[in-house]
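Me: Please take a close look at the backbone of this model. Give me the unusual spots one by one, each with its setting, and finish with some neighbouring detail and the chain as a whole.

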Amino acid sequence: MSEKSEYSAEQSAGRDEGAHTRGEIVTDLARPEDVLPGQILLLPLEKKPFFPGQVLPLVMEAKKWGEALKRIANTGNPVVGVVYTGGVPPDKVSVRDFRAVGTVCRIHQIEQHDNQLHVILAGMQRFRINAWATRRHPFTAYVTYYSEHAPGESVEIKAYTTAIVNIIKELLPLNPMYGEELKLFLNHFGPGEPARLADFGASLTTAAAEELQEVLETLDLQTRLEKTLVLLQKELEIARAQTEIRAHVEGEMTRHQREAFLREQLKFIQKELGISKDDRAAEIEEFRERLESCVVPEHAKKRIDEELDKMSVLERGSPEYTVTRNYLEWLTSVPWGKSSEDSLDLDNATRILDRDHEGLREVKDRILEFIGIGKMRGDIAGSIILLTGPPGVGKTSLGRSVASALGRKFYRFSLGGMQDESEIKGHRRTYIGAMPGKFVQALRECETDNPVIMLDEIDKIGSSYRGDPASALLEVLDPEQNRDFLDHYLDVRVDLSKVLFICTANQLDTIPGPLLDRMEVMRLSGYLAAEKVAIARGHLLPKQLERAGLKKRGQLRIDTAAIRRIIEQYAREAGVRRLEKLLGTIARKAVMKLLRGEPAPVHVKAKDIEEYLGKPTFSEEDRIQGIGVVTGLAWTALGGATLDIEASRSHGDSRGFRLTGQLGDVMKESAEIAYSYVVGNAKKLGVDPDFFKKAMIHLHVPAGATPKDGPSAGITMTTALISLARKKKVRASLAMTGEISLTGKVLPVGGIREKVIAARRMKVRNLVLPKSNRGDFEELPEHIRKGLKVTFAGEYTEVLDAVF
């Protein structure tokens, strides 16, 4: 027997069984086509379950399902079961994925298009899978049917039916699709069939597939109606929300369309009356008006005219129009030929510099000389000044004072961490979001071509794969080149020769040589204690009182002795930033005292400082004295500092030399040279030659946690070793700096100004400096040199005579 005849025989055999296993009510008489087989072919549904009483178009893979479906369609009773598989695709489905309850359907039509079967199914009634006849494709199973014929409607079922009908009526105006589906339902069924109505109501909703499957599996009619009612109520709320959103959006669109229409009408009317131009003409006229007060160079004017002509023919909605408009916006914003008038009054400049800064006499004199030369010439040509010094000495504020003294606009930007040369020279216009560099932005903001531009932290400029900003600055900071500065965005040469550039740096080592060569260096070395007191009184304290909301004299009074104690014991750095923070701390604590009821003014004396600021950071006992201990002078990025160097003999068992204190390579070499010089010239230096033969010498530079390096400690280390060998202290209140060679030559070092100021800060009055640095010392202001006794040494023997 063929496979086809076997399958038909199975269907025939199953009909009698189906008659016993289907539904609660079994009629004695039925048409042959109404008798359902006990074993049926099952088709998987991936998306959601299918309800009885509906028509389902189904697309199946012809190669996989075609033969079985066509065989069943050719029988006298072409029925199949459709079952939801929980989202599993038909080509991957297994018997575990089929839900227990499905819908038996009659095949109405099968058409094949290419590799797909288009099947039209009509749902008949529910069934439950009892057992699997074939567990592989094609899936067949023995099933039990459940008819939908209810004996009579109870009051509860009628109430649920009415509620469902009412909700469907409310849904109809909200979504036209519901009306089409209702027509199809009413063509086959009436509202008096609650079972069909429950299934139809559930199928209308967009509920989750599992919720619909739950309705399909509910056999009790009243419970099914209740679940359908809940789903319909949710659907009604969703539809109402969608309608509200749609109405709001349509209202907004209508309003905008109406405004746009009226605006276009207004433009047309104004244009007809000759009282207005369109947006493009207005923008072009605005650009031309900007240039009326400028003296535009010929090459720039030619480019601007070309762009204006291009803009006049472009469509306003095109991307090219926006790019051209933005380009013209920048081109016409550059202050071509617009200069502010310089104030060359030396008395006014002196008054402003003295008002804003205490001390710094040498730097102020250099600035006044610069202004004086400009007065003699009649104008101040563009120059490049570099202010270098420790943090907090007033470099940035000094730049503002220079701009104020000259009557020029001031623009500042920081170069610290800058790694993209486009920040200097602008972006190419081919990039989205392109814009000019900082210098063109500065000219636009200041609206003059001769502002004071401050380049802060030029020693901290970086470089990366995006370019080297330091190299890009070479063109900007060269007076011979910056008159034709080319910004990549503008692509038109701009004259920067009238700009006064003021750069700031903490140190010169990290600035590239070619860049440093273009700048005039002015050093700000730091403040003495007396200058810090004056700065605190005249500038820092009033600022902190204002920030704290205190009246200048009525609520807080700090004695001069108290300020001096803060400077000596809490804020010894070269600048005044820490001093300002400490004064701010005192002001805040004074505010708290006043708020707690303490009478004004709060009087802060020298003895009260510990109450406000805690234990002192520095004290007079910090300086170490004794045999083998010598004070050196060092330079740091924060200014000058004193450095105590200690030498001791650990034991006499073996000869050796040990270094501690986180010393760098240069400092270690200085220590080795000092040790070799002392051992090799022991008799000449008044040292017992046998002292070092079996001595383990330990040289230490406190504090151990701070890294140290540099060539300035050679004579200091030498003196510490000689003091240890002679068992004799060096002179009190003595400090020194200088490098030493193996032959005893004292070599010059840098940072003399900072080191001398550090010695004065520590109340050291006797200094030993290299003879080659005499000129550096004599250039110092008189108030710094006053009271110091200095020995200038060219040979170490001269140092020896001065220290013991």
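**Backbone exceptions and their settings**

Reply: P138 sits in the loop that runs between β5 (116–134) and β6 (140–146). Helices here are DSSP runs of H or I with at least four residues, strands are runs of E with at least two, and both are numbered from the N terminus. The peptide bond from H137 to P138 is cis, with omega about -5°.

The model is predicted: local features need pLDDT of at least 70, side-chain atom pairs count only at pLDDT 80 or more, and totals for chains, interfaces and linings use all residues. Residues are numbered from 1 along each chain as its sequence is written, and side-chain values use heavy atoms, without hydrogens or water.

Another cis bond lies further along. A600 and P601 are joined by a cis peptide bond, with omega about 0°. P601 belongs to the loop between α20 (577–595) and β15 (602–604). Most peptide bonds are trans, and most residues other than glycine have a negative phi.

Now the phi angles. E447 is not a glycine, yet its phi is positive, about 60°. Its loop links α15 (438–446) to β9 (452–456). C446 is the last residue of the range given for α15. C446 is buried, because its relative accessible area is 4%. Buried means under 20% relative accessible area, exposed means over 50%, and partly exposed is in between (1.4 Å probe, protein chains only).

Past β9 comes E457. E457 is also not a glycine, and its phi is positive at about 55°. E457 is in the loop from β9 to α16 (469–476). The side of the cut-off is clear: E457 is partly exposed, because its relative accessible area is 24%. So β9 has a positive-phi glutamate in the loop before it and one in the loop after it.

K763 adds one more positive phi. K763 follows α24, and its phi is near 60°. The helix before K763 deserves a look. α24 spans residues 752–761, and nine of its 10 residues are buried, so the rest of the structure largely encloses it. The buried set is I752, R753, E754, K755, V756, I757, A758, A759 and R760. Charged residues are in that set, including R753, E754, K755 and R760.

Before α24 in sequence there is S741. S741 lies in the loop between β21 (739–740) and β22 (746–747). S741 counts as buried, because its relative accessible area is 17%. Leaving out residues up to four places away in sequence, S741 touches I673, Y677 and L747; contact means heavy atoms within 4.5 Å. L747 lies in β22. S741 and Y796 are 55 residues apart along the chain, but their C-alpha atoms are separated by 9.2 Å.

Two polar residues inside helices show similar packing. Q544 is in α18 (residues 529–547). Q544 is buried, because its relative accessibility is 8%. With residues up to four places away in sequence left out, the partners of Q544 are E580, L583, G584 and A587. Those partners fall within the range of α20, the helix before the loop of P601.

S401 is in α13 (residues 395–406). S401 is buried, because its relative accessible area is 2%. On the same sequence limit, S401 touches I352, L353, D356 and H357.

V249 gives a contrast. V249 is in α7 (residues 221–273). V249 is partly exposed, because its relative accessible area is 40%.

What of the cysteines? C105 is buried, because its relative accessible area is 0%. A search of the whole structure finds zero disulfides; a disulfide is a pair of cysteine sulfur atoms within 2.5 Å.

Last, the whole chain. The chain has 27 helices and 24 strands. Of its 804 residues, 47% count as buried. Among contacts between residues at least 6 apart in sequence, 74% join residues at least 24 apart.

Confidence varies along the chain. The mean pLDDT is 81, and 90% of the residues reach 70 or more; pLDDT is the predictor's confidence in each residue, from 0 to 100. Residues 1–29 have pLDDT below 50, and this stretch makes 40 contacts in the model beyond near neighbours in sequence.
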